[in-house]
Amino acid sequence: MSCHSPMIGSEFSAAEIEEAARHGRLLSMEIEFSLKCNFRCQYCYISQGDASPRELTHAEIRDAILQAKALGARKIIVLGGEPMIYPATMEMLEFIRGQGLSAEMFTNGTKMTAEAAHRLFELGVQVVLKMNSRVERVQDELAGARGAYATIQAAFRNLRAAGYPSDSRLMGVSTVICAQNLSEIVPLWQWLRDQKIIPYFEIITPQGNAKRNKALDVPLQTLHDLFRQLSDLDRTRYGYTWDPQPPLAGDRCLRHQFSCLVNAFGDVMPCVGVTLPVGNIRERKLAEIIRDSEVVQDLRNHRQTIRAPCATCDKASVCYGCRGAAYQLTGDYLAADPLCWRNAERLHEIEALPADAGPMMPHRAPMRLIERLVSVGERVAVAETVLRPGNPFADAQGNLDPPIFLELIAQTAAVMNGFRDAHRENGAVEGYLLGARQLEVQGTARTGDSLLIRVFKGTRYGDFGVIEGQVFRGADLLAKGEIKVWHKTAQSAEARPGA
């Protein structure tokens, strides 16, 4: 008899996920209590592992959990740092369970005494133990800490003695797939399955420490072959059926449809891989952040927004690759996943930032002033240009006419919208510049200058909005101002289809 592989985090139905995405709800939330960690893993997404006085207080953590619950979250996933060395972790887990929420914790096993394991079992916490190798030398090397292997193995024994896993107390093992443990992956998977422990195996996201440790990398074809081997093993030996796709073996990652990350400083991000803060819970409510975030909405509407070649893949309706890998390698959270083996022959088609601004804007020479889009974040974009000789907006001495600073801001805003609209099903969205105000000129731009223009989408009133802009030459602020725009949204287009 075949069934889907039981994965920690995959307990939500397709209908529940679709409803959460459509209505701005949550089904789960990931949260970091602290960044403090006693390991220095070669692949960790966090480059440093020390606590900071800027981290959330206990009251702020509890409030974030309550806000997630109000948005429909049924599960809180605790990340780190290392949660077991955070003094209030048990208190926070008790709070989570006291709210009727399920709890899942990723841990490297530090301080997982028999008593701690028993208490976690009593609370009903799902535990995911980080174990990358059953070879002491390899495990210690990957963890960047001598004695890591012994710590993990002791934790494993204590968790098993406490009763993990059981029907109501799931246990998983988190393993990153890398060159150092490649030969162990299949036997480790089988060893875990035989003990009814869930293998949570994933491809490394190229960020943090992993970016500096290229020796971890595994070729795409090798990853494909490995995933296929694991899939065949699961089907023939354990009766689980799943289609191989990155980044998780045995499951697909759709977390952006129903989850988010609140990091140790209160920043809300789509996940640990898409390191684009879309707001901070110290400044705004979680519901407002998710509702108003363009990044979150883009990811939730992945069928309309993800770029080729992922957009044209036959699995595009149920998969969007690893958004973390796409963002870390291209600077674009909507780019195709360069680490998906289905894209291996089409890597030349995957666009990355910085990119030529020309295709993203309606302006043509000589009116086109912006040359490249450098970066895009939550309602913010940075573009660059060089004032070339013969610029029609410069005087005889090569000085830029001051009002043109506003045109630079307006064109950068157009590029930002073009970036988001270029690959949408309905093409570019109509918009107009309505006016400008509060231009402050603090310096002069001259022919030959390289300029950076930063724009931020500020206040919105339906289809109308105010965009704040700044123009820099190096670290020097030359000008700042605001422009008023009208930008037809999807909602207004539906309401006025002829507009």
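In what order do the nine strands of the open sheet stand, and is the pairing mixed or not? Before I answer, please keep in mind that what we are looking at is a predicted model.

The order, read across the open sheet, is S6-S5-S4-S3-S2-S1-S7-S8-S9, and the pairing is mixed. At the edges stand strand S6, residues 198–203, and strand S9, residues 279–280, and because each has a single partner strand, one side of each is left without a neighbour in the sheet. As a general reminder, strands of a sheet pair through backbone hydrogen bonds, in either a parallel or an antiparallel sense.

One pair to look at in detail is strand S7, residues 261–262, with strand S8, residues 267–269, which are antiparallel and joined over two bridges; here Val262 has Val268, in S8, as its bridge partner.

Turning to the helices, helix H2, residues 58–70, lies across strand S1 (28–32) and strand S2 (75–79), and it runs at about 170° to S1.

Helix H8, residues 220–238, is made of 19 residues and spans 26 Å from its first C-alpha to its last, which is close to the 27 Å expected at 1.5 Å a residue. Which residues of H8 are buried? They are Leu220, Leu223, Leu226, Phe227, Leu230, Ser231, Leu233, Asp234 and Tyr238, and because they cover an arc of only 160° around the axis, they lie on the same side of H8. Among the elements that cover these buried residues are strand S5 (171–177), helix H7 (185–194) and S6, the last of which we met as an edge strand of the sheet. Finally, just after H8 comes Gly239, which takes a positive phi of about 75°.

How values were computed:
Residues numbered from 1 in each chain as written. Predicted model: local features only at pLDDT ≥ 70, side-chain atom pairs only at ≥ 80, totals over all residues. Heavy atoms only, no water. Pairing = 2+ DSSP bridges. Helix = DSSP H or I, 4+ residues; strand = E, 2+ residues; numbered from the N terminus. Contact = heavy atoms within 4.5 Å. Axes fitted to C-alpha atoms, helices over the stretch in contact; angles between N-to-C directions. Expected span 1.5 Å × (residues − 1). Buried < 20%, exposed > 50% of the residue type's maximum accessible area, 1.4 Å probe, protein only. Arc of directions from axis to C-beta.
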